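User: I would like to learn how to read a structure like this one. Please take me through it feature by feature.

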Amino acid sequence: MRYIEDDLENKTILITGGAGFIGSNLAFYFQNNHPKANVVVLDCFRSGEKLSNGNLKSFGHFKNLIGFTGEIISGDINDKDLLLNLEVNYKFDYIFHEAAISDTTVLEQDLMIKTNVNAYKDLLDLAVKHGANMVYASSAATYGNAESPQRVGREAPQNVYGFSKLSMDNLSANYIKDSSISIVGLRYFNVYGKNEYFKNSTASMVLQFGHQLLAGKNPKLFENSDKILRDFIYIEDIIQANIKAMKPKKSGVYNVGTAKARSFQDIVDILQKELHTSFECEYIPNPFIGSYQFHTEADIETTKEFLGYEPAYEMEDGIREYVKEIVRIYEEEVK
Ligand SMILES: NC(=O)c1ccc[n+]([C@@H]2O[C@H](COP(=O)([O-])OP(=O)(O)OC[C@H]3O[C@@H](n4cnc5c(N)ncnc54)[C@H](O)[C@@H]3O)[C@@H](O)[C@H]2O)c1
């Protein structure tokens with residue numbers, strides 16, 4: 001679905017992290033709905049390099065971009081020469097900045113701050129030089145265990161990932177004061193949907209439970225999963241927020257969620273209904289007690305007011321739309 005009138009003819013759009021989950025969905029949004037726009041995807045893709053938590057350093061995957069016909073650049077946002085090349089040889093009208101260490105469990109603080117914060121500053125400078133409006137990915141992780149509903153101004157990050165995203169927001173506030181471009185940070189809550197499979201173990205629990213069920217396994221939930229609530233948001237609503245953030249009424253940081261908290265038990269129950277299964281759930285002790293978000297629910301009043309954002313997907317709707325893709329990925333990649 002198209003979210004703005006402008007057909008974006010001859011506009012040049014940079015999507016960093018475009019081979020990842022959210023970035024690739026943005027790339028296809030423009031290709032399908034604004035075919036006259038020039039879309040440039042920048043991503044370092046995966047190299048196989050792992051970090052100390054055993055996960056990949058970057059999750060970008062070419063399969064997320066099969067069918068995408070715009071320009072693709074393989075490069076690292078930490079590479080100053082690459083950014084200079086972008087500054088000199090392109091003229092961007094919009095930058096969607098999704099590239100990041102997106103794994104919330106990464107422990108390398110140096111790499112996290114360098115990639116998520118310092119490289120973002122260089123991209124902000126590029127945006128200012130080009131007069132490009134900036135839309136960047138912040139995160140609900142900035143709130144840590146802050147009480148629900150989470151509201152901008154009540155941040156309490158619990159890990160270096162959340163801290164890095166909050167630092168991006170603080171940096172943006174300074175740029176907003178003295179630049180003429182618009183700058184919008186979107187604090188995504190828990191996103192699920194197409195193209196998340198290559199995030200491996202960091203993909204949403206919607207996909208992971210879906211694949212447990214398709215493998216004929218009893219879904220494994222933490223004890224009291226009916227009381228662990230999160231604001232789960234479908235990728236299509238994330239795209240809506242990004243597109244509406246291209247011309248905001250006001251620059252700033254906005255929550256992107258559904259404003260509804262749903263349980264992990266709900267996910268499994270909805271999936272079982274859609275997949276026509278009835279496996280018994282197994283409940284295991286939660287090893288993360290103490291460092292775990294038990295209730296998230298986005299306050300989206302300002303997002304509605306200043307971006308015109310209105311979530312369109314209840315979890316039932318999102319999973320119903322996504323389930324075919326969960327099966328396809330299982331058949332083609334897992335089995
Ligand atoms: N998915 C969620 O639930 C969620 C929630 C809150 C915030 N976010 C944020 O949204 C953005 C997109 O997340 P995602 O879920 O699509 O994750 P993702 O890991 O699929 O996408 C991030 C992309 O950035 C690329 N990348 C990483 N380091 C890079 C570098 N140095 N140079 C160039 N590219 C690099 C990766 O290869 C990957 O393709 C991230 O900034 C993430 O922190 C995501």
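Analyst: What follows goes from the overall fold to the ligand, then to a pocket and two backbone details. Keep in mind that this is a predicted model.

User: How many helices and strands does the protein have?

Analyst: There are 9 helices and 13 strands. The C-alpha atoms fill a box of roughly 60 × 40 × 40 Å along the principal axes.

User: What does the radius of gyration say about the protein?

Analyst: The idea is to set the value beside that of a compact globule with the same number of residues. For 335 residues such a globule would be near 20 Å, and the protein has 19 Å, so the two agree.

User: Which residues come nearest to the ligand?

Analyst: Begin with the shell, counted by heavy atoms within 4 Å. Here 28 residues surround the ligand, and Ile22, Asp43, Ser102, Tyr161 and Lys199 come nearest. By class, the shell holds 13 nonpolar, 10 polar and 5 charged residues.

User: Which helices and strands each supply at least two residues of that shell?

Analyst: They are helix H1 (21-33), strand E5 (133-139) and helix H4 (160-178). E5 gives the largest share, with 3 residues.

User: Which atoms lie at short polar distances from the ligand's oxygen atoms?

Analyst: Look for pairs of N or O atoms within 3.5 Å. Asp43 places a polar side-chain atom 2.6 Å from a ligand oxygen. The backbone takes part as well: an N or O atom of Ile22 is 2.8 Å from an oxygen atom of the ligand, and a polar backbone atom of Gly60 is 2.9 Å from a ligand oxygen. As for cover, the ligand taken alone exposes 820 Å², of which the protein buries 95%.

User: How is empty space found, and how much of it lies in the second largest pocket?

Analyst: Rolling a probe the size of a water molecule over the atoms shows where empty space is left. In this model, the second largest pocket has about 540 Å³ of space. It is lined by 25 residues, and those closest to its centre are Asn25, Phe28, Lys194, Asn195 and Glu325.

User: What makes up the lining of that pocket?

Analyst: H1, helix H6 (235-244) and helix H9 (315-334) each supply at least two lining residues. The largest share, 8 residues, belongs to H9. Sorted by class, the lining has 11 nonpolar, 5 polar and 9 charged residues.

User: Where is there a cis peptide bond?

Analyst: Omega is the angle to read. Between Ser148 and Pro149 omega is about -10 degrees, and the peptide bond is cis. Pro149 sits in the loop between E5 and H4.

User: Which residue has a positive phi although it is not a glycine?

Analyst: Here the angle to read is phi. Ala259 has a phi of about 70 degrees. Ala259 belongs to the loop between strand E11 (252-256) and strand E12 (262-263).

Conventions. Residues numbered from 1 in each chain as written. Predicted model: local features only at pLDDT ≥ 70, side-chain atom pairs only at ≥ 80, totals over all residues. Heavy atoms only, no water. Polar contact = N/O pair within 3.5 Å; in protein donor to acceptor, adjacent residues only side chain to side chain. Areas by Shrake-Rupley, 256 points an atom, 1.4 Å probe, with all protein chains shown as cover. Helix = DSSP H or I, 4+ residues; strand = E, 2+ residues; numbered from the N terminus. Nonpolar A, V, L, I, M, F, W, Y, C, P; charged D, E, K, R; others polar. 1 Å grid on protein atoms, 1.4 Å probe; cavity = no way out; pocket = protein on both sides within 12 Å on 5 of 7 lines; lining within 4 Å. Points joined across faces, edges and corners; volume = space filled by probe spheres on them. Rg over C-alpha atoms; globule rule 2.2 N^0.38 Å.
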